[in-house]
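Let's sit down with a model and practise reading its features one by one. Have the sequence and the 3D view open as we talk.

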Amino acid sequence: MSAPEAFAVTAAICSALSSMFLSELKGRVPLLQLARWQMLATFVMTGSVSLAIGGWHTIGPREFWLLAGSSFAGISIASTTYFATIYSVGPRITALLFSLTSPFALALGYLVLGETISRWQALGVALVLAGIVLAIGMPRRFLKRGDLAPAMPVVTPSTVPVSTAPGPPLTGRMGPGIALGVTTALGQAIGTLLARPAMAAGVEPFSAMALRSGLAVILFIALAATPFGRGKREAVQFGTVGLAVLSAFVGTSLGMSCLMAALRTGNVGIISTLSSMTPVIILPMVWLRSGQRPTAAAWAGALLAIAGTALISAR
């Protein structure tokens with residue numbers, strides 16, 4: 001395995017780990033509070049790197065507004081619904097639904113940018129959809145076994161104490177969770193579409209992420225001043241904040257850095273496919289966490305989603 005391919009697989013592992021960490025916060029952190037913590041941590045991390053390398057100078061007025069729109073769709077909306085999906089249906093199904101980002105991006109590129117869609121890419125869309133339907137077609141049986149049952153303690157660094165007390169039980173009501181997951185994928189696709197011209201103009205990646213996350217922080221802080229954004233106040237615990245920051249570091253800072261490093265010298269199609277392996281990588285993590293083996297349909301659906309992404313990415 002070449003270095004770019006190893007970076008791409010590492011990015012997928014980081015995404016899966018971040019989802020598992022976030023699932024541990026269910027019932028312990030209100031949704032918008034989690035979004036504020038995550039985006040603030042991401043802004044501090046990526047902004048520090050951007051300042052160190054002088055990347056802010058690569059952002060002009062046009063790039064700023066493109067990234068601002070990307071921030072609203074891909075972070076303010078998509079990140080919030082992403083956290084809500086994990087809270088609702090768990091990280092396994094969330095990772096599968098996130099695979100819809102590639103079909104949505106393909107469709108938006110066709111409708112907005114006039115890009116063509118090959119027969120293989122159309123087949124890829126069908127495979128992604130088939131994989132998702134197969135994996136969550138019979139959700140009640142899987143959810144009864146526990147997507148994240150608290151049978152085993154989560155493995156985290158000793159500096160971040162994590163309570164293994166069970167959160168609110170899963171109800172098996174998949175409709176709202178699926179809707180949130182679809183919204184996440186659509187928002188991420190729109191955010192990518194808006195960010196693409198800015199990145200093509202030469203914007204430094206860490207600076208782009210710092211700007212996007214910084215604007216999201218401003219929005220989430222503004223929401224906190226409204227009745228909608230206040231929510232129920234919870235006592236802040238060091239372990240809870242630490243887990244949220246750890247998730248931001250692993251999923252955004254480290255994962256995004258690995259993905260950018262992979263794309264710098266690797267084949268785009270191969271890198272996109274390998275970095276989309278999260279639905280498969282997360283299955284053994286759920287297995288270890290819950291003590292319950294995922295069903296054959298879960299494995300098959302995840303593999304189909306990855307195969308579909310591979311075809312979509314093949315230009």
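The dialogue below goes from the overall fold to helix pairs, a salt bridge and the surface.

Q: Where should I begin, and what is the secondary structure of the protein chain?
A: Begin with the kind of model: this one is predicted. Then take the elements in order. The protein chain has 13 helices and zero strands, and its pattern along the sequence reads α-α-α-α-α-α-α-α-α-α-α-α-α.

Q: What share of the residues of the protein chain counts as buried?
A: A residue is called buried when its relative accessible area is under 20%. Here 48% of the 315 residues of the protein chain meet that description.

Q: How do I describe a pair of helices, and at what angle do H3 and H5 cross?
A: Look at the distance between the axes, then the angle, then the handedness. Helix H3 (residues 61–98) and helix H5 (residues 119–136) have axes that come within 9 Å and cross at roughly 160°. Since angles over 145 degrees count as roughly antiparallel, H3 is roughly antiparallel to H5. Their crossing is left-handed.

Q: Are H2 and H3 oblique or roughly antiparallel to each other?
A: Use the angle again. The axes of H2 and H3 are 10 Å apart, and the two helices pack at about 125°. H2 and H3 are therefore oblique to each other, and H2 passes H3 in a right-handed crossing.

Q: And which description fits H4 and H7?
A: Helix H4 (residues 101–112) and helix H7 (residues 174–200) cross at roughly 45°, with axes that come within 8 Å. That angle makes H4 oblique to H7. The crossing of H4 and H7 is right-handed.

Q: How many salt bridges does the count come to?
A: The test is whether a side-chain nitrogen of Lys or Arg lies within 4 Å of a carboxyl oxygen of Asp or Glu. The count here comes to one salt bridge. Arg289 pairs with Glu24, and their closest N and O atoms are 2.6 Å apart. This pair links distant parts of the chain, 265 residues apart: Arg289 sits in helix H12 (residues 278–290), while Glu24 belongs to the loop between helix H1 (3–23) and H2.

Q: Are Arg289 and Glu24 buried or exposed?
A: Check each partner's accessibility separately. In this case both Arg289 and Glu24 are buried.

Q: Which residues form a nonpolar patch on the surface?
A: For a patch, take the residues as a group and then look at individual members. Leu40, Phe43, Val44, Leu51 and Trp56 form one, with about 460 Å² of accessible area together. Leu40 is found in helix H2 (residues 31–53). Its relative accessible area is 43%, so Leu40 is partly exposed.

Q: How far apart in space are the C-alpha atoms of Leu31 and Tyr87?
A: Here you set the separation along the chain beside the separation in space. Leu31 and Tyr87 are 56 residues apart along the chain, and 8.6 Å separates their C-alpha atoms. Leu31 is found in helix H2 and is partly exposed, with a relative accessible area of 27%.

Q: What is the C-alpha to C-alpha distance between Trp65 and Ala198?
A: It is 9.1 Å, across 133 residues of sequence. Trp65 lies in helix H3. Trp65 counts as exposed because its relative accessibility is 64%.

Definitions and conventions. Residues are numbered from 1 along each chain as its sequence is written. This is a predicted model: local features need pLDDT of at least 70, side-chain atom pairs count only at pLDDT 80 or more; totals for chains, interfaces and linings use all residues. Side-chain values use heavy atoms; hydrogens and water are left out. Patches are made of residues with over 30% relative accessible area and no salt bridge: like charges are joined within 9 Å, nonpolar side chains (Val, Leu, Ile, Met, Phe, Trp, Tyr) within 5 Å. Accessible areas come from the Shrake-Rupley method with a 1.4 Å probe; for residues, only the protein chains shown count as cover. Helices (H or I, at least four residues) and strands (E, at least two) are DSSP runs, numbered from the N terminus. Buried means under 20% relative accessible area, exposed over 50%, partly exposed in between (1.4 Å probe, protein chains only). Axes are lines fitted to C-alpha atoms, for helices over the stretch in contact, and angles run from 0 to 180 degrees between N-to-C directions. Angles under 35 degrees count as roughly parallel, over 145 as roughly antiparallel, 65 to 115 as roughly perpendicular and the rest as oblique. A crossing is left-handed if the near helix is turned anticlockwise from the far one by less than a right angle, and right-handed if clockwise.
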